[in-house]
Amino acid sequence: MLLEIPDVLTRDEVRAARLQLEAATWIDGRATAGHLAIGAKRNLQLATDDALAVRLGDGILERLGKRAEFIAAALPLKVLPPFFNRYEGGGEYGFHIDNAIRTIAGTPHRVRTDVSSTLFLSDPDEYDGGELVIEDTYGTQRVKLRAGQLVLYPGTSLHKVTPVTRGTRYAAFFWTQSLVRDATRRALLLQLDTAIRELTVAAAGEAAIDRLTGVYHNLLRQWSDT
Ligand code: NI
């Protein structure tokens with residue numbers, strides 16, 4: 001299941017981030033590719049210890065920590081610091097599945113990559129190609145969002161970024177270890193949570209809402225690991 005989260009960053013925040021990213025020091029993206037993915041990857045990235053990446057990444061995670069849609073969909077336990085990438089001049093990333101386990105750079109901490117998120121930092125009209133193509137349970141999805149918008153999808157998905165044939169595509173991406181490892185269970189919990197929220201508006205005060213909320217928490221108790 002894919003979920004789009006609008007306006008993670010405002011237009012002003014995107015503009016400020018972009019000015020800094022355009023002046024940043026970029027390195028070959030293969031530095032962080034997994035063994036299997038390395039042959040398919042042609043892009044640039046910021047180093048994981050780059051001060052700009054750390055600062056911008058912290059700001060993005062702080063913002064998402066306040067977004068109910070992100071919390072409800074990802075059910076985050078641990079989040080890896082965001083990476084930043086740049087595609088241009090035909091750069092692409094062929095079909096691959098991300099490594100299951102990532103170590104947080106400079107620490108012994110490991111994160112299971114249950115949920116992938118991409119935050120677009122270029123507008124669609126700034127570049128040609130550069131679509132994020134995701135093989136979902138419901139077929140192939142092609143994603144190209146406005147700058148400041150985020151897409152979240154299961155880490156188990158096969159995915160690629162198509163060649164950028166004009167302009168430059170900037171994005172941030174990161175992985176989340178979820179309280180609920182299984183994508184199908186996460187999707188069910190999100191559907192239940194969404195329905196309860198709708199009922200809270202449409203049928204405020206109904207005792208059945210409290211019972212459904214209890215069911216939600218009992219399912220989460222069954223399915224979560226911490
Ligand atoms: Ni990937």
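Buried means under 20% relative accessible area and exposed over 50%, with partly exposed in between, using a 1.4 Å probe and protein chains only. The exercises below concern a predicted model, in which local features need pLDDT of at least 70 and side-chain atom pairs count only at pLDDT 80 or more, while totals for chains, interfaces and linings use all residues. Residues are numbered from 1 along each chain as its sequence is written, and side-chain values use heavy atoms, with hydrogens and water left out.

**Exercise 1. Describe the surroundings of Pro-163.**

Step one is to place Pro-163, which lies in the loop between strand 15 (159-161) and strand 16, where strands are DSSP runs of E with at least two residues, helices are runs of H or I with at least four, and both are numbered from the N terminus. Step two is to classify Pro-163: because its relative accessible area is 35%, it is partly exposed. Step three is to list the contacts, meaning heavy atoms within 4.5 Å: leaving aside neighbours within four places in sequence, Pro-163 is in contact with Gly-90, Gly-91, Glu-92, Asp-128, Gly-129 and Gly-130. Step four looks at one of these partners, Gly-90, which is 73 residues from Pro-163 along the chain, although the C-alpha atoms of the two are separated by 4.9 Å.

**Exercise 2. Find the protein donors of the nickel ion and describe their spacing along the chain.**

Begin with the rule that donors are N, O and S atoms within 2.8 Å of the metal (3.2 Å for Na, K and Ca), and that sites may look incomplete because water is not among the atoms. The protein donors are then His-96 through NE2, Asp-98 through OD and His-159 through NE2, lying 2.1 Å from the nickel ion. Along the chain, these donors follow the spacing H-x1-D-x60-H. Finally, consider accessibility, where both His-96 and Asp-98 turn out to be buried. Ile-97, by contrast, lies in the loop between strand 7 (92-96) and strand 8 (101-103), and because its relative accessible area is 48%, Ile-97 is partly exposed.

**Exercise 3. Is Gln-177 buried or exposed, and which backbone nitrogen does its side chain reach?**

First locate Gln-177, which is found in strand 16 (residues 164-178). Its relative accessible area is 9%, and therefore Gln-177 is buried. Next, look for a polar contact, defined as a pair of N or O atoms within 3.5 Å, where within protein one atom must be able to donate a hydrogen and the other to accept it, and residues adjacent in sequence count only if both atoms are side-chain atoms. The side chain of Gln-177 reaches the backbone nitrogen of Arg-112 at 2.9 Å. Not counting residues up to four places away in sequence, Gln-177 touches several residues, including Leu-75, Pro-76, Arg-110 and Asp-114.

**Exercise 4. Follow the side chain of Asp-123 to its partners.**

Start in the loop between strand 10 (115-120) and strand 11 (127-129), where Asp-123 is found. With a relative accessible area of 16%, Asp-123 is buried. One polar contact, of 2.5 Å, joins the side chains of Asp-123 and Arg-11, and the side chain of Asp-123 also reaches the backbone nitrogen of Ala-147 at 2.9 Å. When residues up to four places away in sequence are not counted, Asp-123 touches Arg-11, Arg-146 and Ala-147.

**Exercise 5. How many salt bridges does a search of the whole structure find, and what do selected pairs look like?**

Side chains of opposite charge can pair when their charged atoms come close. Here a salt bridge is a side-chain nitrogen of Lys or Arg within 4 Å of a carboxyl oxygen of Asp or Glu, and the search finds 15 of them.

Take Arg-146 and Asp-7 as one pair, whose side chains meet at 3.9 Å, N to O. This pair links distant parts of the chain, 139 residues apart, with Arg-146 in the loop between strand 13 (139-143) and strand 14 (150-154) and Asp-7 in the loop between strand 1 (3-5) and helix 1 (11-22). Arg-146 counts as partly exposed at 43% relative accessibility, and Asp-7 counts as partly exposed at 47%.

Then turn to Asp-114 and Arg-112, whose side chains meet in a salt bridge of 2.8 Å, N to O. Asp-114 counts as buried at 8% relative accessibility, and Arg-112 counts as buried at 15%.
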